Every structure is written in structure tokens, then in C-alpha cells.
Amino acid sequence: MKIVKVAVFLVLAFTLFSACKKSPANTKTDTITAEYYLKGTLNGKAVTWQAAIDGSPGYVTGSSGALSLDQGVTTGELTALLSATTGYQPQLGVGFRTFNVNYNQDIPAYFNSFVNTGAWAYAVNDNHTAGVKAIAIYYTDAQGKTYTSVGAQTGGSANVVAVTPEAARVGSNESLKIKLTFSCTLYPTDGTGATLALTNAEATVLLEDLLH
């Protein structure tokens with residue numbers, strides 16, 4: 001029997017953010033002071049989102065999974081999220097695929113070694129194929145319209161600059177702190193409206209191990 005876990009990028013369960021990190025109130029400055037952040041240019045306008053642990057409003061980190069479990073083997077994608085504290089919109093998602101791990105393997109070791117530094121190709125379709133590594137960027141605007149990088153990309157690849165394992169915390173599993181740079185075209189998931197250009201982007205995100 002196959003059990004499917006579906007990632008939802010519009011509305012996230014509160015439990016995904018039980019160990020969230022929150023941002024300074026001033027999120028418009030270009031100066032990055034937070035541990036987790038996004039900065040870049042979205043359709044010609046500079047964006048700077050920051051998440052920290054001081055409890056002030058702004059942005060929070062979280063994770064979601066699009067995973068299937070079949071005969072003890074978990075396959076799919078994990079996505080690191082950076083979301084506004086109010087309604088989780090706007091939101092950035094950075095998805096890494098394709099995880100493929102057996103229940104009797106050392107899952108924490110597998111998770112910690114999966115995201116390697118260097119160039120990552122953009123996912124060209126929605127298939128989760130074992131043995132194929134790719135990255136997908138997801139964006140939800142303040143009105144809830146969703147976009148994805150899945151499709152043709154002229155920018156080539158994203159670049160993972162650094163990966164740091166983070167120990168498990170109360171309410172969450174072990175995680176990876178991932179810094180990356182990227183530029184991509186974002187396609188509306190409903191097929192209507194114009195594409196968006198996210199360029200010269202740099203982000204540090206937190207990806208939680210949801211493979212257990």
C-alpha cells in the first residue's frame with residue numbers, strides 16, 4: 001500500500017512552525033542581520049526577508065514534504081520554507097529532490113549527506129525520480145497566488161554555497177542550514193497571468209528532516 005504525504009504551499013499547518021525562527025520588525029533594509037533570510041530582485045523590485053529568534057514580527061522558517069512511502073521506502077521532496085508570520089504569505093520554498101531511503105537505513109546520516117554544495121539543476125517536471133537530484137523554487141505572493149520554477153529555465157542552475165547540520169530541537173528533528181544563490185523564472189501554477197523573474201537571489205534556509 002502506498003501512503004502519500006502532500007506538501008501544501010498556500011496554507012501550512014501550525015505544527016510545521018513549532019520551532020520557527022522569527023524576524024526583526026524591519027524587513028525592508030538591505031542589511032542582513034538574521035540567520036535565515038532571502039534577498040534578491042523580484043520582477044525588478046528589491047526584496048529582503050529576514051527571520052531571527054527575537055520574537056518580533058516578520059518572517060518564520062519551516063519545512064514541508066511531498067513524500068510517498070511504499071514497502072518501507074520513502075521517496076520524494078523536502079522543501080525549506082521562509083514565510084511571513086501573518087498567514088504565511090508571502091512565502092518562499094526551496095525544494096530538494098529526490099530523496100529515496102529505506103526505513104532500515106541510517107536516515108539521519110542519509111539526510112545530512114543528501115544536500116551537497118555546488119550546482120543543482122532546476123527540476124523540469126513534477127516527477128520525483130529516484131537517483132535524480134534537482135531543486136525547485138516555489139513562491140506564494142501576498143494574495144495567495146502560487147508560482148514555481150518547474151519548467152524551462154535559461155539561468156542553468158542554482159548554487160548551494162554551504163550546508164551545515166543543525167541538531168534536533170524541541171518539537172523538531174535534525175535540520176540542515178543551507179545557503180544558496182539562484183536566479184529563475186517563476187511560472188504561475190494555475191496557468192494564468194505573467195511569469196515572474198527572481199534574480200540575483202541569495203538565501204539561507206532551514207530544511208528539517210521529515211523522512212522519519
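The secondary structure of this protein comes to one helix and twelve strands. I should say at once that the model is predicted. Reading from the N terminus, the order of the elements is β-β-β-β-β-β-α-β-β-β-β-β-β, with the helix placed after strand E6 and six further strands following it.

Let me add some totals for the chain. There are 212 residues, of which 49% count as buried. Among the contacts with a separation of 6 or more, 65% are between residues 24 or more positions apart. The exposed surface comes to about 9,800 Å², and carbon and sulfur atoms supply 54% of that area.

I turn now to the interior spaces. How many cavities of 30 Å³ or more does the structure hold? There is one, and the volume of this largest cavity is about 30 Å³. Its lining consists of Leu 38, Leu 42, Val 47, Trp 49, Leu 92, Tyr 139 and Leu 198. By class, that gives seven nonpolar residues, with no polar and no charged ones. Strands E2 and E3 each supply at least two residues of this lining. For orientation on the model, E2 covers residues 36-42 and E3 covers residues 45-51.

The second largest pocket has a volume of about 200 Å³. Twelve residues line this pocket, and those closest to its centre are Leu 42, Ala 46, Val 47, Trp 49 and Tyr 139. Please compare those names with the lining of the cavity, where Leu 42, Val 47, Trp 49 and Tyr 139 also appear. Which strand gives the most to the lining of the pocket? Strand E3 does, with five residues. The lining of the pocket divides into eight nonpolar, two polar and two charged residues, whereas the lining of the cavity has no polar and no charged residues.

Between E2 and E3 is a loop that holds Asn 43. The backbone there deserves a remark: phi of Asn 43 is near 50°, a positive value in a residue other than glycine. Asn 43 counts as partly exposed because its relative accessibility is 46%, and the partly exposed class runs between 20% and 50%.

A second residue with this backbone feature is Gln 71, whose phi is likewise near 50° and positive, although the residue is not glycine. Gln 71 sits in the loop between strand E4, residues 59-70, and strand E5. Is Gln 71 buried or exposed? It is exposed, because its relative accessible area is 73% and the exposed class begins over 50%.

That loop leads into strand E5, which spans residues 73-84, and I would draw attention to two of its residues. Gly 76 belongs to E5 and counts as buried, since its relative accessibility is 0%. Its C-alpha lies 7.6 Å from that of Gly 65, eleven residues away in sequence. Beyond its neighbours within four places in sequence, Gly 76 is in contact with Ala 66, Leu 67, Phe 96, Arg 97, Thr 98, Phe 99 and His 128. Thr 79 is also in E5, and at 2% relative accessibility it too counts as buried. The side chain of Thr 79 makes a polar contact of 3.3 Å with the side chain of Glu 77.

Next, the peptide bonds. The bond from Gln 89 to Pro 90 is cis, with omega near 0°. Pro 90 lies in the loop between E5 and strand E6, which covers residues 91-102. Another cis peptide bond runs from Arg 97 to Thr 98, again with omega near 0°, and Thr 98 is found within strand E6. Both Arg 97 and Thr 98 are among the contacts of Gly 76 that I listed a moment ago.

Finally, Leu 180, which is found in strand E11, residues 175-188. Leu 180 is buried, as its relative accessible area is 0%. Which residues are in contact with Leu 180, leaving aside its neighbours within four places in sequence? They are Val 94, Ile 135, Asn 159, Val 160, Val 161, Ala 201, Glu 202, Ala 203 and Val 205. In addition, the C-alpha atoms of Leu 180 and Thr 204 are 6.4 Å apart in space, with their positions 24 residues apart in sequence.

Technical notes
Residues are numbered from 1 along each chain as its sequence is written. This is a predicted model: local features need pLDDT of at least 70, side-chain atom pairs count only at pLDDT 80 or more; totals for chains, interfaces and linings use all residues. Side-chain values use heavy atoms; hydrogens and water are left out. Helices (H or I, at least four residues) and strands (E, at least two) are DSSP runs, numbered from the N terminus. Buried means under 20% relative accessible area, exposed over 50%, partly exposed in between (1.4 Å probe, protein chains only). A polar contact is a pair of N or O atoms within 3.5 Å; within protein, one must be able to donate a hydrogen and the other to accept it, and residues adjacent in sequence count only if both atoms are side-chain atoms. On a 1 Å grid over the protein atoms alone, a cavity is a set of points where a 1.4 Å probe fits but cannot get out, and a pocket is an open set with protein on both sides within 12 Å along at least five of seven lines; lining residues have an atom within 4 Å of a point. Grid points are joined across faces, edges and corners, and a volume is the space filled by probe spheres set on the points. Ala, Val, Leu, Ile, Met, Phe, Trp, Tyr, Cys and Pro count as nonpolar, Asp, Glu, Lys and Arg as charged, and the others, Gly among them, as polar. Contact means heavy atoms within 4.5 Å. Accessible areas come from the Shrake-Rupley method with a 1.4 Å probe; for residues, only the protein chains shown count as cover.
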